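Work through the exercises below with the coordinates open. Each task is followed by its solution.

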Amino acid sequence: TGWHEDGGPGPHRMWRNRAANHCNLVDVSADRDADAAALVNDRRMHILFNIMGYTQGERNEIFALQPAPLQVLYKGFVGTL
């Protein structure tokens, strides 16, 4: 199980499509950061991936709340985190 904020067309769509083959994705784009973090915690998601880094549209506040036991930065903008 995982969550995803739809990034629209482009590379984010490619990652979303790949993840959708292996995960249950939940759109949290309309949720407040605290609500999204609570959802991750309530569903007992074990791994939370950040593929945005400090770029436009990032949701780093969710990660700051540490809702999952393992949080991974992957493919973010190099040098931002």
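**Exercise 1.** State which strand holds Leu70, and classify Leu70 as buried, partly exposed or exposed.

Solution. In this predicted model, Leu70 belongs to strand E4, residues 70–73. Its relative accessible area is 43%. Buried requires under 20% and exposed over 50%, so Leu70 is partly exposed. Leu70 also joins Ile47, Phe49 and Tyr74 in a nonpolar surface patch of about 380 Å².

**Exercise 2.** Find the salt bridges and say where the partners of Arg59 and Arg32 lie on the accessibility scale.

Solution. Two salt bridges are present.

- Step 1: Arg59 pairs with Asp33, N to O 2.7 Å. Arg59 sits in the loop between strand E3 (47–50) and H3, while Asp33 is in helix H2, so the bridge ties together parts 26 residues apart in sequence.
- Step 2: Arg59 has 10% relative accessibility and therefore counts as buried; Asp33, at 22%, counts as partly exposed.
- Step 3: Arg32 pairs with Asp35, with the closest N and O atoms 3.2 Å apart. Arg32 is exposed at 57%, and Asp35 is partly exposed at 38%.

**Exercise 3.** Which element gives the most residues to the largest nonpolar core?

Solution. The core has 11 residues, including Val26, Leu39, Val40, Ile62 and Phe63. H2 and helix H3 (60–64) are the elements that give two or more residues. H2 gives the most, four residues.

**Exercise 4.** Place Ala34 in its helix and give its C-alpha separation from Ile62.

Solution. Ala34 lies in H2, residues 33–42. Its C-alpha is 6.6 Å from that of Ile62, 28 residues away along the chain. At 42% relative accessibility, Ala34 is partly exposed.

Conventions
Residues are numbered from 1 along each chain as its sequence is written. This is a predicted model: local features need pLDDT of at least 70, side-chain atom pairs count only at pLDDT 80 or more; totals for chains, interfaces and linings use all residues. Side-chain values use heavy atoms; hydrogens and water are left out. Buried means under 20% relative accessible area, exposed over 50%, partly exposed in between (1.4 Å probe, protein chains only). Patches are made of residues with over 30% relative accessible area and no salt bridge: like charges are joined within 9 Å, nonpolar side chains (Val, Leu, Ile, Met, Phe, Trp, Tyr) within 5 Å. Accessible areas come from the Shrake-Rupley method with a 1.4 Å probe; for residues, only the protein chains shown count as cover. A salt bridge is a side-chain nitrogen of Lys or Arg within 4 Å of a carboxyl oxygen of Asp or Glu. A nonpolar core is a set of buried Ala, Val, Leu, Ile, Met, Phe, Trp, Tyr and Cys residues joined through side-chain atoms within 4.5 Å.
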